[in-house]
Structure formats: C-alpha cells, structure tokens
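Subject: Structure for your review

Dear colleague,

Please find below the structure that I agreed to pass on to you. My account of what was found in it follows directly after.

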Amino acid sequence: MMPRDDVDRIMEVMDAAFDPLWGEAWNRMQIESALAIGNTHYWLIAPHGGTPDEGEEAAGFALVRQIFDEAELLLFAVSPQWRRRGLGARLLGRTLDDMKRSGVCKVMLEMRRGNPAESLYRATGFVPVGLRPKYYRCANGDRIDAVTFSFPADEQNN
Ligand SMILES: CC(C)(COP(=O)(O)OP(=O)(O)OC[C@H]1O[C@@H](n2cnc3c(N)ncnc32)[C@H](O)[C@@H]1OP(=O)(O)O)[C@@H](O)C(=O)NCCC(=O)NCCS
C-alpha cells in the first residue's frame, strides 16, 4: 500500500467529518488545486494532539488561504471519533498562532448558521460580522444562512 501523504490524511478526515447534507466537503482535486496555488496552507493534528508522524493518520485539519495580511479559514474539521477531546480547539489555536507569526492581522471564516462549531469559534475570539441569508443550498434543497466571523474583530464591530 502507498504511504499516506498529507492530501490522503486531509481527505480521510474530510470524508469522515462532513455530513453530505451540507455539501461543504471538497474533493481531492479541489484540495490539490488550492495547494498548488501557493497561498493556501494546511495544518494537521494527530489523535495524540501533535503533528502526525510519517504514515500516521490525522484526526483533524485546517485549510487556510492567505492574501497579504488577511486570511480565510476555508475548511476546518476533526473526524467524528476524535471529537470533544479538545483537538479542534488546539488545532485552531495552533493555526491562528502560526498565521499571526506569518504576519496575518485578520482571519475570516464563513459558517452555516446553526453549526455547533460556532461555540468553538466564539470561545477562540471570533465574532460574527456578517450574515448572508439563504447562502448555502443543502443536498435536500433547503437554503441556510451563512454567518461570517472575524478574528480579531473589525474595529467598527466591537
Ligand atoms: C467543529 C469541529 C472541528 C470541532 O472539533 P472538536 O475536536 O470536537 O472540538 P473541541 O473538542 O476542541 O471542542 C471545543 C469546544 O467547542 C464546542 N463544541 C465543539 N463541538 C461541539 C458540538 N458538537 N456541540 C456543542 N459544542 C461543541 C464545545 O464548547 C467544546 O468544548 P467542550 O467539549 O469542553 O464542551 C468538529 O465538530 C467538526 O469537524 N465538525 C464538522 C466539520 C465542520 O462543520 N467544520 C466547521 C466548518 S465552519
């Protein structure tokens, strides 16, 4: 069997973590194309909380696009069997710290309204700064609002 590369690790988490109902998961080609551009970076976390060793599975990943001093958290997930152990919080903290170190002043993300991830984002310091009504279309045809979060908050929204 081929050894796991990082895109394999990302896709293993992706396939397990995102409910097809929401249509949020990316396919392998979308990940590879994003990474090929050079401004998109990923972070992995292993079940033990560190970075996965060679061949080891990832429990979660974050994918971030950076444009000058701003960044967008494009994808963020932990596989269901590893949730509620603090891995998501640790991964998000590590990602934000690294971005800060590389000169990022502001991180944005867009979330489907009602996603339980909201409490994690708020606890980390993200604040809601915008709403796009009926922005996402689910697999069953339902429309769901998108909430935009910013970290740190925009001055005018404080
Ligand atoms: C969001 C996600 C990454 C959280 O990963 P996680 O490893 O479970 O996160 P943590 O264990 O670090 O949780 C930290 C805190 O966030 C909150 N939280 C996380 N998941 C929650 C849930 N399902 N319901 C309620 N609160 C939740 C809790 O406050 C939790 O702390 P606690 O466990 O001490 O109560 C994970 O649920 C996931 O992959 N979801 C599917 C993909 C997704 O929707 N990603 C976000 C796209 S915007």
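A polar contact, as the term is used here, is a pair of N or O atoms within 3.5 Å. Please also bear in mind that this is a predicted model.

Under that cut-off, the ligand has a polar contact with Val78, where a backbone N or O atom lies 2.8 Å from an oxygen atom of the ligand. For Phe76, a backbone N or O atom is found 2.7 Å from a nitrogen atom of the ligand. In the case of Arg83 the side chain takes part: one of its N or O atoms is 3.3 Å from an oxygen atom of the ligand. The ligand taken alone exposes 900 Å², of which the protein buries 72%.

The shell around the ligand

The ligand is surrounded by 19 residues, and the closest are Phe76, Val78, Arg84, Ala89 and Asn115. By class, this shell comprises 12 nonpolar, four polar and three charged residues. S3, H3 and H4 each contribute at least two residues to the shell. H4 provides the largest share, namely four residues.

The pocket

Where does the ligand sit? It occupies the largest pocket, which holds about 1,000 Å³ of space. This pocket is lined by 33 residues, and those closest to its centre are Phe18, Phe76, Asn115, Ala117 and Tyr121. Two or more lining residues come from each of strand S3 (70-78), helix H3 (87-101), strand S4 (106-112) and helix H4 (117-124). Whereas H4 gives the largest share of the shell around the ligand, S3 gives the most to the lining of the pocket, with seven residues. The lining is made up of 20 nonpolar, five polar and eight charged residues. Phe76 and Asn115 are thus named among the residues closest to the pocket centre and also among those closest to the ligand.

Backbone features

Two points in the backbone may merit your attention when you view the model. Arg84, one of the closest residues to the ligand, lies in the loop between S3 and H3. Arg84 has a positive phi of about 60°, although it is not a glycine. The second point concerns Pro152, which is placed in the segment after strand S6 (143-151). The peptide bond from Phe151 to Pro152 is cis, with omega near -15°.

With kind regards

Key:
Residues are numbered from 1 along each chain as its sequence is written. This is a predicted model: local features need pLDDT of at least 70, side-chain atom pairs count only at pLDDT 80 or more; totals for chains, interfaces and linings use all residues. Side-chain values use heavy atoms; hydrogens and water are left out. On a 1 Å grid over the protein atoms alone, a cavity is a set of points where a 1.4 Å probe fits but cannot get out, and a pocket is an open set with protein on both sides within 12 Å along at least five of seven lines; lining residues have an atom within 4 Å of a point. Grid points are joined across faces, edges and corners, and a volume is the space filled by probe spheres set on the points. Ala, Val, Leu, Ile, Met, Phe, Trp, Tyr, Cys and Pro count as nonpolar, Asp, Glu, Lys and Arg as charged, and the others, Gly among them, as polar. A residue is near a molecule or strand if one of its heavy atoms lies within 4 Å of it. A polar contact is a pair of N or O atoms within 3.5 Å; within protein, one must be able to donate a hydrogen and the other to accept it, and residues adjacent in sequence count only if both atoms are side-chain atoms. Accessible areas come from the Shrake-Rupley method with a 1.4 Å probe; for residues, only the protein chains shown count as cover. A molecule sits in a cavity or pocket if more than half of its atoms lie within 2 Å of its grid points.
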